[in-house]
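Morning, everyone. I have a short tour of one structure for you. Please look at it on the screen while I talk.

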Amino acid sequence: MIPTVTKNYQNVVISTGNIINNELGQRKSNEELYDGLKITLHSDPNAERVVVEIDKLHGRVLCATQELSNKLTENGRNEISIGAKIFLNKKSTECIKEAVDALLNILNVSHVDNVVLAYHPNASSVANATIGTTTPTPKSPCSEGITSPTSDPANGWSQRNGEQGVAELKMLYKGLEQYALKQQIKQLGIADLDAKALQDLYKSAEVHPTIAQVNLAACCVVPTDLQEFCKEHELVLNTHSDPELLLPAEQFSCLAPGYTIDWSLRYQVHVRCRGVLTAKGYIVGASKPSANN
């Protein structure tokens, strides 16, 4: 399916559609994304169970758009909550814009309820288990009762990314703020920051984050200073298990030869009164390497 697009487009956007419909939900996020993309890009186009559309005007490969639309409209907009998480591993405000615009356009909504940004410029694919293997996941430092010699879980993000990483994060966050100021995103959130980095971002923000996510795969207990900062500033503190690098380049290149992944996002749609997850999917932006590189 992807070669039809690669002939004409420098950039493409790929939507998995509602993966709950494909029975892929409730798995590890990297597995959900990989299998969702595989179904979208490589399924038999004549198969009845998979309906894939190619939007040649915008360079998009879209899976099951009608089914997704049905899920989003079977309840009134005020009866559902739409949340998203953007995974970004390079400094690019254009990627932030592309991701949010694609989210609003593909879901065909005027706003979403919250967007969380995960930015890991120094993420390594080594830290991510290879999809399709049975290699056991390494134990976290706290599961062994020791602290990693190369990082302090309480200050891990700041130590790994430094002042430059914080400056880049602030710039990317400002890209999200523009949508919040226009009420296209109702709440902003940030993932995986230690208390120092979160405080620095919070002070510079025009629209303060109201959600903070922490990955308990790195540490079993949320650091006290992070808990206190979130409590003092009324941030909702959530935990997650997403890897820093959602899909390594070599795995994506097997699915879409000639392209590199620029950004990815996951969206979830809940029915407010029942808390039922009615739709979940991934959207990915990818591009061909520039001829100048």
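One term before we start. A polar contact here is a pair of N or O atoms within 3.5 Å; within protein, one must be able to donate a hydrogen and the other to accept it. Also keep in mind that this is a predicted model.

Now the overview. The protein chain has eight helices and 10 strands. It has 293 residues, and 49% of them are buried. Take the contacts between residues at least 6 apart in sequence: 75% of those join residues at least 24 apart.

Let's go to strand β9, residues 260–271. Start with Asp-262, which sits in that strand. Is Asp-262 buried or exposed? Its relative accessible area is 12%. The cut-off for buried is under 20%, so Asp-262 counts as buried.

What does its side chain touch? The side chain of Asp-262 makes a polar contact with the side chain of Ser-287, at 2.8 Å. Ser-287 also turns up in the wider contact list of Asp-262, which leaves aside neighbours within four places in sequence. Gly-285 and Ala-286 are there too. So are Asn-11, Leu-88, Lys-90 and Cys-95.

Stay in β9 and move to Ser-264. This one is buried as well, with a relative accessible area of 4%. Again leave aside the neighbours within four places. Ser-264 is then in contact with Leu-33, Leu-246, Ile-283 and Val-284, and with Lys-85, Ile-86 and Phe-87.

Next, the partner strand. β9 and β10 pair in the antiparallel sense, over 11 bridges. One example: Leu-265 has Ile-283 in β10 as its bridge partner. The two strands form a hairpin with four residues between them. In that hairpin, Gly-275 takes a positive phi near 65°.

β10 itself runs over residues 276–287. How many of its 12 residues are buried? The count is 10, so the strand is mostly covered. β10 also pairs with β1, residues 11–15. That pairing is antiparallel too, over five bridges. There, Ile-14 stands opposite Val-284 in β10.

Now over to strand β5, residues 112–119, where we find Asp-113. Asp-113 counts as buried, at 11% relative accessibility. A polar contact of 2.7 Å joins its side chain to that of Arg-272. Arg-272 is on its contact list, again without neighbours within four places. The list also holds Arg-77, Ile-80, Ser-81, Ile-82, Lys-186 and Gln-187. One more distance. Asp-113 and Ala-180 are 67 residues apart in sequence, yet 9.9 Å apart in space, C-alpha to C-alpha.

Last stop: empty space. Rolling a probe the size of a water molecule over the atoms shows where empty space is left. How many cavities of 30 Å³ or more are there? The count is one. The largest cavity holds about 30 Å³. Its lining includes Lys-85, Phe-87, Ala-118 and His-120. Asp-192, His-240, Asp-242, Pro-243 and Glu-244 also line it. By type, the lining divides into three nonpolar, two polar and four charged residues. Two residues of that lining came up earlier: Lys-85 and Phe-87 are both in contact with Ser-264.

To recap the two side-chain contacts: Asp-262 with Ser-287 at 2.8 Å, and Asp-113 with Arg-272 at 2.7 Å. That's my tour. Over to you.

Definitions and conventions. Residues are numbered from 1 along each chain as its sequence is written. This is a predicted model: local features need pLDDT of at least 70, side-chain atom pairs count only at pLDDT 80 or more; totals for chains, interfaces and linings use all residues. Side-chain values use heavy atoms; hydrogens and water are left out. Buried means under 20% relative accessible area, exposed over 50%, partly exposed in between (1.4 Å probe, protein chains only). Contact means heavy atoms within 4.5 Å. On a 1 Å grid over the protein atoms alone, a cavity is a set of points where a 1.4 Å probe fits but cannot get out, and a pocket is an open set with protein on both sides within 12 Å along at least five of seven lines; lining residues have an atom within 4 Å of a point. Grid points are joined across faces, edges and corners, and a volume is the space filled by probe spheres set on the points. Ala, Val, Leu, Ile, Met, Phe, Trp, Tyr, Cys and Pro count as nonpolar, Asp, Glu, Lys and Arg as charged, and the others, Gly among them, as polar. Two strands pair if DSSP finds at least two bridges between them.
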